[in-house]
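These are notes for a colleague who is opening this structure for the first time. Please read them with the sequence and the model at hand.

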Amino acid sequence: MLVFINSTNPSILLFLISVLGIFLNQKNILVMLMSLEMMFLSVSFNLIFASIYLDDVTGQIFSLLILTVAAAESSIGLAILVIYYRIRNVITVELMHLMKG
Amino acid sequence: MYLLILWLPLLGSIFAGFLGRFLGHKGSSIISVICVFLSMFLSFVAFYEVGLMGLNQYITLSPWIEVGILKISWSFLFDSLTVTMLVVITVISSLVHLYSLEYMQNDPHLPRFMSFLEIFTFFMLILVTADNLVQMFVGWEGVGLASYLLINFWFTRLAANQSAIKALVVNRIGDFGLSLGILTVFYIFQSVDYLTIFSLSPLFSVYYLNFGGIYIPGLTLVGIFLFIGAVGKSAQLGLHTWLPDAMEGPTPVSALIHAATMVTAGVFLLIRFSPLIEFSCTVLNVLVIFGSLTAFFAGMSGVFQNDLKRVIAYSTCSQLGYMVFACGISCYNVSMFHLANHAFFKALLFLSAGSVIHALANEQDMRRMGSLVKFLPLTYSLMLVGSFALAGFPFLTGFYSKDFILELAQVALNNNLQSMQGAFACWLGNLSVFFTAFYSFRLIYLTFINSTNATRQSILKSHEPSLLMLTPLVILGFGSIFIGYLGKDLFIGLGTDFWKSSIVILPLNSYFIEAEWISINLKWLPFLLSALGIVLATIINTSKTHLYLYNTFYRSLCFLVSKKWYWDILYNRFFVYPILNFGYLVSFKNLDRGFIELMGPYGFSKLIPTWSQLLSKLQTGQLSHYLFFVVLGICLFLMIIFNQTPLLVFYSVLLFFI
């Protein structure tokens with residue numbers, strides 16, 4: 001048990017740091033995307049740790065899948081970002097308020 | 001035959017009302033007059049059969065309401081009391097019908113008028129012949145309605161509308177008391193039939209209603225409620241304000257309402273319920289106090305009125321006070337006798353006043369009359385007879401009943417049993433005799449004898465009315481002279497068995513014998529007081545006393561009394577306007593259109609857009625804010641899943657206040 005907590009703690013810490021990174025960041029969308037990647041990373045870490053701890057391969061398979069999904073997603077996200085930049089010439093998060101209620 | 005007495009006026013009313021436009025003035029007049037006269041003759045027969053021969057009649061038509069133990073049927077009871085009332089009502093009503101044929105001949109709505117008069121008579125007959133309280137209530141309300149219609153007959157006049165509404169609403173206060181009385185009677189006796197109630201009432205004389213730990217004697221409660229009803233209908237002090245205002249109707253209406261029928265309904269109710277209120281000393285005392293106060297107050301107010309009809313209206317109010325306190329000292333038969341006599345001379349006075357008004361082209365102010373004795377000698381003599389009868393001049397009608405009431409009051413004062421209320425009745429009653437004589441003769445002087453103040457044209461045009469109007473007057477004049485003498489032995493003679501069981505007087509409360517043996521000075525007292533009143537009226541009107549009367553105290557007193565002691569103004573200021581304001585400001589503006597609307601449709605229609613705007617403002621367009629909500633939502637979701645309800649409540653409250 002102790003081993004599990006010791007091994008999962010850094011990954012949960014990583015997850016929280018990335019959440020705070022998204023939260024506290026008001027300006028840079030790249031940082032947000034990076035934080036998002038970090039989240040994926042922490043989740044994968046967790047899965048891997050769990051699969052090792054439980055001696056089950058499913059977690060690793062999942063983490064591989066997450067890896068591919070994260071790669072695809074970041075590529076799409078960056079593509080959207082590029083298109084957005086092409087139109088608006090600015091990528092500051094604060095100024096993205098076209099979807100006001 | 002007994003039912004025909006009732007149905008004939010209804011028939012006449014229906015014919016004159018619904019077919020008036022086909023029958024025309026003449027046709028509807030003939031039909032209604034014939035109906036009511038037939039009814040009068042039949043009620044004479046009924047009086048002979050029931051009153052003189054002693055054959056009480058009970059007629060049951062059909063069941064009306066039967067729910068559980070409550071059984072009410074349309075049924076009629078003809079006993080001595082009823083037939084006396086029947087004769088009074090139908091005689092006065094027939095004469096008024098005959099009189100109004102000419103008085104209203106130029107009115108375009110004569111058929112309607114006749115119809116209303118007939119329906120009034122019909123409801124009054126229903127009232128007096130009913131044998132249970134609910135059916136009596138039908139007549140009671142019907143009479144109120146008919147009085148509304150009649151006072152409001154000239155419906156284009158604002159004053160007539162106002163006084164009709166006033167009459168109806170003020171009467172309704174009394175009706176509320178009466179309906180409470182009916183409910184209480186049903187609660188106590190489990191029945192509303194007169195015969196059941198009256199035969200059971202001695203058993204219930206010690207019955208107490210437990211009202212939240214307070215024990216109220218049942219019969220007293222019923223008696224008080226009935227008395228409230230009588231206060232409204234009979235215009236006793238407190239709810240008397242409608243009566244003088246009801247003079248806005250045509251004069252025959254005033255004669256019918258104030259002489260014979262409507263105002264006597266309250267007194268009739270008290271007399272009818274004598275087996276019940278006789279067992280409650282409290283109610284009797286209340287009757288004495290209110291009755292004598294009414295007699296005194298109305299007598300005093302009548303002195304300073306300048307409207308011909310209003311003087312007579314106050315005199316009616318005063319005489320009704322006499323009747324009520326006669327009931328209070330347990331002399332129901334004397335009260336009934338006074339009622340019958342009063343009907344004759346008050347109808348005479350009203351109809352003569354109508355004749356004067358008719359002669360002077362609708363001038364009602366006594367200050368603009370005078371010296372009509374030369375132009376209306378017959379009306380003058382009839383009015384003199386009426387005034388003498390009203391003042392209780394010996395050997396006229398009023399003498400036999402009114403002086404006997406006063407003698408009985410003297411007995412109540414001079415015995416050693418119940419001094420307090422008896423003294424009250426005796427003093428106030430005797431004082432109002434003086435006022436009665438004074439205002440009657442003030443009226444005679446101002447109208448007929450003093451030099452005239454009327455315009456030359458109206459004096460020249462004034463004339464005696466034709467035979468159609470004079471016949472009822474003459475008949476009533478004879479009635480005012482002879483009815484008292486003829487009826488005395490029958491109604492209030494010593495040991496008369498006319499009333500049989502229709503009136504109950506406990507032997508403890510009966511003072512008939514004593515009244516015959518009070519000292520001679522006390523017997524002279526009412527006559528002397530009324531003679532004093534007549535003499536005073538003569539002195540004031542023939543000499544130049546008014547020169548000495550211009551001091552401020554006298555003038556302010558005159559002003560006070562002439563404004564009816566400011567009853568109307570006080571009522572308006574302390575009851576009517578506050579209630580109206582309450583109705584408008586609190587019930588209507590604050591509750592109906594305010595609070596309830598706010599909690600209901602109006603409030604929601606305001607609240608939901610506000611909330612929706614608030615919610616849509618949450619969507620700021622900032623990604624980080626959206627993220628915040630997403631994370632917050634996940635936290636809440638987790639809280640729900642892990643069942644952290646107190647935390648959830650805390651956060652939702654926090655969120656609400658944010």
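Is E407(B) buried or exposed?

1. The model is predicted. In it, E407(B) is buried, because its relative accessible area is 12%, and the cut-off for buried is under 20%. Its partner in a salt bridge is K523(B), with 3.6 Å between the closest N and O atoms. This pair links distant parts of the chain: E407(B) belongs to helix 17 (residues 397-414) of chain B and K523(B) to helix 22 (residues 520-542) of chain B, 116 residues apart. K523(B) has 23% relative accessibility and so counts as partly exposed.

2. Chain B as a whole. Chain B has 658 residues, of which 54% count as buried. It contains 27 helices and four strands. The C-alpha trace of chain B spans about 110 × 65 × 60 Å along its principal axes. Of the contacts in chain B between residues at least 6 apart in sequence, 78% join residues at least 24 apart.

3. Surface and charge. The exposed area of chain B is about 28,700 Å², and carbon and sulfur atoms supply 72% of it. The chain carries 31 positive and 26 negative side chains. The centres of these two sets lie 14 Å apart.

4. Chain A and its record. The unreviewed UniProt entry annotates residues 6-24, 36-54 and 60-85 of chain A as "transmembrane region". In the model, residues 6-24 of chain A are 100% helix and 0% strand, with the end C-alpha atoms 27 Å apart. Residues 36-54 of chain A are likewise 100% helix and 0% strand, and their end C-alpha atoms lie 27 Å apart.

5. Helix 11 of chain B. How many of the eleven residues of helix 11 (residues 262-272) of chain B are buried? Eleven of the eleven are, so this helix is largely enclosed by the rest of the structure. Among them are M262(B), F268(B), L269(B) and the charged residue at the end of the list, R272(B).

6. The pair R272(B) and D79(B). The side chains of these two residues meet in a salt bridge, 3.0 Å from N to O. R272(B) is in helix 11 of chain B, while D79(B) is in the loop between strand 2 (70-78) and helix 3 (80-103) of chain B, so the pair ties together parts that are 193 residues apart in sequence. Both R272(B) and D79(B) are buried.

7. A salt-bridge network. Over all chains, a search of the whole structure finds nine salt bridges. E141(B), R172(B) and D175(B) are linked in a network of such bridges. Within this network, E141(B) pairs with R172(B), and their closest N and O atoms are 2.9 Å apart. E141(B) lies in helix 5 (residues 133-151) of chain B and R172(B) in helix 6 (residues 158-189) of chain B, so that 31 residues separate the two. R172(B) counts as partly exposed because its relative accessibility is 40%.

8. A buried charge without a partner. Which side chain of opposite charge is nearest to E118(B)? It is R112(B), 15 Å away; E118(B) is buried yet has no salt bridge. E118(B) is found in helix 4 (residues 110-129) of chain B. Leaving aside residues up to four places away in sequence, E118(B) touches P9(B), G12(B), S13(B), S32(B), V33(B), C35(B), V36(B) and H97(B).

9. R367(B). This residue sits in the loop between helix 15 (332-359) and helix 16 (377-390) of chain B. R367(B) is partly exposed, with a relative accessible area of 45%. Its C-alpha atom is 9.8 Å from that of L443(B), although the two residues are 76 residues apart in sequence. Not counting residues up to four places away in sequence, R367(B) touches N306(B) and N453(B).

10. L506(B). The loop between helix 20 (467-491) and helix 21 (512-516) of chain B holds L506(B). L506(B) has a relative accessible area of 22% and is partly exposed. L506(B) and P275(B) are 231 residues apart along the chain, and their C-alpha atoms are separated by 8.7 Å. With residues up to four places away in sequence not counted, L506(B) touches E278(B) and F279(B).

Technical notes: Residues numbered from 1 in each chain as written. Chains lettered and ligands numbered in written order. Predicted model: local features only at pLDDT ≥ 70, side-chain atom pairs only at ≥ 80, totals over all residues. Heavy atoms only, no water. UniProt positions renumbered as here; feature names shortened; annotations may be inferred. Buried < 20%, exposed > 50% of the residue type's maximum accessible area, 1.4 Å probe, protein only. Contact = heavy atoms within 4.5 Å. Areas by Shrake-Rupley, 256 points an atom, 1.4 Å probe, with all protein chains shown as cover. Lys, Arg positive; Asp, Glu negative; His and termini not counted. Charge placed at Lys NZ, Arg CZ, Asp CG, Glu CD. Salt bridge = Lys/Arg side-chain N within 4 Å of Asp/Glu carboxyl O.
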